[in-house]
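Here is a short note for a colleague who is opening this structure for the first time. Please keep the sequence and the 3D view side by side while reading.

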Amino acid sequence: MSFAKLALIAAQLRIEQTSPVGFRVDNGIFAADHSIRNGIDSGTLHKLTFKAAGVSFERTPTNWMHWAPSMQRTGARAYTSISTWNPVQEYEHQKSDQRLIATREGRHALYPEVRLWTRYEYEAGVPYFVFHAILTVEKPIDMYWLRGQEMTMDRFFTHAAWPGADGRPVVMDFESRKPVLEKRPVPVDAPWIAFLNPEKGYGYGAVVLDYKATKTANPMMSINDGAENGKYWDRRIINQVSTMLVPGDRFEERTAYVVFRCSASKLLDEFLDWEKRIRGRKD
């Protein structure tokens, strides 16, 4: 048996059920907090502590770091997301020493036309978790903004990375990336994206395992500046274009979110190594 498999067997999840939907989980490498925020028991990730780097990723102005799927109908003043999904109508937590699967299903109170299904999967001893979401339109809705894979963080990162047109990694500081992405946005179906801080030695990225959409409008992966120098990325499926969605329209994504170490000489080595491992897994 390989050392990696022995290490995985030795690791165990520590799970704390904090409310009917909310929980905290520690897999030995990181700790994820899905507990109640501002009285909202949505079960959405709002804090991720990377132990080896001694850092906790979060988004203090908005309370949640995981903000998608998010929606805004045409004419609405703002968008909402799974972070404010309250009450969650159906939920289930399957727990063991090695794995936690937290599933939610139902409708956001502001968007009864759309049925939501989401699942977080945590495993002991690996530097990533998997998130799977399906949005199914059940009644016609004129959608202005529909986003997926949105991760919002405070001022933890200095650089962004994504696959270039030739498939090779592009790494740029946040200011330098602006004119480059204005000319050539990251494609909506990009296989991965990451933020990193080489000076402090940590990064956080997404490995896309599946993405499907029955309709898109001006789609792209977007790397954004937030309030108080925060940074976030998101997948813009319906991107500020009024688009009629009808029953049967469906949007799905499955993504592995990875914490990793980095340095000036090895910016993405660890992340891309884990990308290969994750894609090579059969379970």
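How many bridges join β2 to β3, and do the two strands run parallel or antiparallel? There are 3 bridges, and the strands run antiparallel. The points below start from this pair.

1. Confidence. This is a predicted model. The average pLDDT of the chain is 95. A score of at least 70 is reached by 96% of the residues. Please treat residues 1-9 apart, as pLDDT stays under 50 there. For that stretch the model has 8 contacts beyond four places in sequence.

2. The strands at the start. Strand β1 covers residues 14-17, and strand β2 covers residues 23-26. They pair in the antiparallel sense over 4 bridges. One position to look up is E16, whose bridge partner in β2 is R24. A hairpin of 5 residues joins β1 to β2. Strand β2 then pairs with β3. Here D26 has A31 of β3 as its bridge partner. The hairpin of β2 and β3 has 3 residues between the strands. Within this hairpin, G28 takes a positive phi near 95°.

3. Two cis peptide bonds. Both precede a proline, P69 in one case and P87 in the other. The bond joining A68 and P69 has an omega of about 10°. P69 sits in the loop between β5 (55-58) and β6 (70-73). The bond from N86 to P87 has an omega near 5°. P87 belongs to the loop between β7 (80-81) and β8 (90-95).

4. Positive phi outside glycine. What is the phi of N38? The value is near 50°, positive in a residue other than glycine. N38 is placed in the loop between β3 (30-33) and β4 (47-50). Is N38 buried or exposed? Its relative accessibility is 62%, so N38 counts as exposed. N229 also has a positive phi, near 65°, and is not a glycine either. Its loop runs between β17 (220-225) and β18 (231-245). N229 counts as partly exposed because its relative accessibility is 44%.

5. The open sheet. In which order do the 5 strands of the open sheet lie? The order is β7-β6-β12-β18-β17, with antiparallel pairing. β7 and β17 are the edge strands, since each pairs on one side only. Inside the sheet, 4 bridges join β6 to strand β12, residues 141-153. One pair to check is S70, with R147 as its bridge partner in β12. In general, strands of a sheet pair through backbone hydrogen bonds, either parallel or antiparallel.

6. Helix α2 and its two sides. Helix α2 spans residues 174-183. Its residues F174, R177 and L181 are buried. Why do these three fall on the same side of α2? They cover an arc of only 45° around the axis, and therefore share a side. On the other side of α2, E175, E182 and K183 are exposed. At the N-terminal end, D173 caps α2. A side-chain oxygen of D173 lies 3.1 Å from the backbone nitrogen of E175.

7. What α2 rests against. Which strands do the buried residues of α2 pack against? They pack against β13 (159-163), β14 (169-173), β15 (192-197), β17 and β18. The helix lies across β17 and β18. It runs at about 140° to β17. Recall that β17 is an edge strand of the open sheet.

8. A buried tyrosine. Y120 lies in strand β10, residues 114-123. Is Y120 buried or exposed? Y120 counts as buried because its relative accessibility is 1%. Its side chain has a polar contact of 2.7 Å with the side chain of H66. Y120 and V259 are 139 residues apart along the chain. Their C-alpha atoms are separated by 16 Å.

Definitions and conventions
Residues are numbered from 1 along each chain as its sequence is written. This is a predicted model: local features need pLDDT of at least 70, side-chain atom pairs count only at pLDDT 80 or more; totals for chains, interfaces and linings use all residues. Side-chain values use heavy atoms; hydrogens and water are left out. Buried means under 20% relative accessible area, exposed over 50%, partly exposed in between (1.4 Å probe, protein chains only). Two strands pair if DSSP finds at least two bridges between them. A polar contact is a pair of N or O atoms within 3.5 Å; within protein, one must be able to donate a hydrogen and the other to accept it, and residues adjacent in sequence count only if both atoms are side-chain atoms. pLDDT is the predictor's confidence in each residue, from 0 to 100. Contact means heavy atoms within 4.5 Å. The arc is that of the directions from the helix axis to the C-beta atoms. Axes are lines fitted to C-alpha atoms, for helices over the stretch in contact, and angles run from 0 to 180 degrees between N-to-C directions.
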